[in-house]
Amino acid sequence: MEGAELIIQEINREAEQKIQYILSEAQREAEAIKEEARKRAEARAEWILRKAQTQAEIEKQRIIANAKLEVRKKRLQVQEELIRDVIQGLKKRLAELPDDEYFDILVDLGAQAVRELGVDTVVIRSNERTLELLKGGRLTKFKKAIVEKTGLKIKVRRGKPINTIGGLLVESLDGSVRVDNTFEARIERFESELRAAIAKALFG
């Protein structure tokens, strides 16, 4: 019986050793799986964090770009309003020129138009105030001043009033050719240069 018991004990001992070995291997495998899972989780978390940071940076840059664009648009809008105000002020100033100063300007505008038209008789048209200013002795003085400036012998007639703040619309007698030297037309023709000059004066 002792021999049988010894055999049984040896079998039990070997079985116990195998069980311990299997359990140990299983524990190591479990630890390895846990470690791999942890590393993957950390890598995944790091990737998610990097992606979130990248997206956050992109969104920040988008917000900054939009804000700069809005500021630029607002600045341009304010500048445009100021330029328009200056132009409106200029028109008001031109419409209210003293007669003597206004007359000299009319002579210059008339002389330029006469040179361009190249006809011997011109018809001048403007608002009621201007036509009232250029009548009688002043019309004679106006014609004489233009002849002196251009060296051309011309006849000057007053035409019907037009809607303008001032300046002159100068036509041939039959109305086939004309030079629009009203203040509005000249401001429009030289608008880009005028706006540039105003912008430089206002904003440097």
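Select helix 2, residues 99-117, a DSSP run of H or I with at least four residues, numbered from the N terminus. At 1.5 Å a residue its 19 residues should span 27 Å, and the end C-alpha atoms, 26 Å apart, agree with that; the expected span is 1.5 Å times one less than the number of residues. This is a predicted model, where local features need pLDDT of at least 70, side-chain atom pairs count only at pLDDT 80 or more, and totals for chains, interfaces and linings use all residues. Residues are numbered from 1 along each chain as its sequence is written, and side-chain values use heavy atoms, leaving out hydrogens and water.

Next, colour the buried residues of helix 2 (under 20% relative accessible area, 1.4 Å probe, protein chains only). Among them are Tyr 102, Phe 103, Leu 106 and Val 107. Their cover includes helix 3 (128-133) and helix 4. Just after helix 2 comes Gly 118, with a positive phi near 65 degrees.

Now add helix 4, residues 137-150. What do the axes of helix 2 and helix 4 do? They come within 9 Å and cross at roughly 50 degrees, with axes fitted to C-alpha atoms over the stretch in contact and angles running from 0 to 180 degrees between N-to-C directions.
The contact (heavy atoms within 4.5 Å) includes Phe 103 and Leu 106 of helix 2 and Phe 142 and Ile 146 of helix 4.

Finish at Leu 133, in helix 3. Buried or exposed? Leu 133 counts as buried, at 7% relative accessibility. Beyond its neighbours within four places in sequence, Leu 133 touches residues including Tyr 102 and Arg 138.

Note on methods: Helices (H or I, at least four residues) and strands (E, at least two) are DSSP runs, numbered from the N terminus. Buried means under 20% relative accessible area, exposed over 50%, partly exposed in between (1.4 Å probe, protein chains only).
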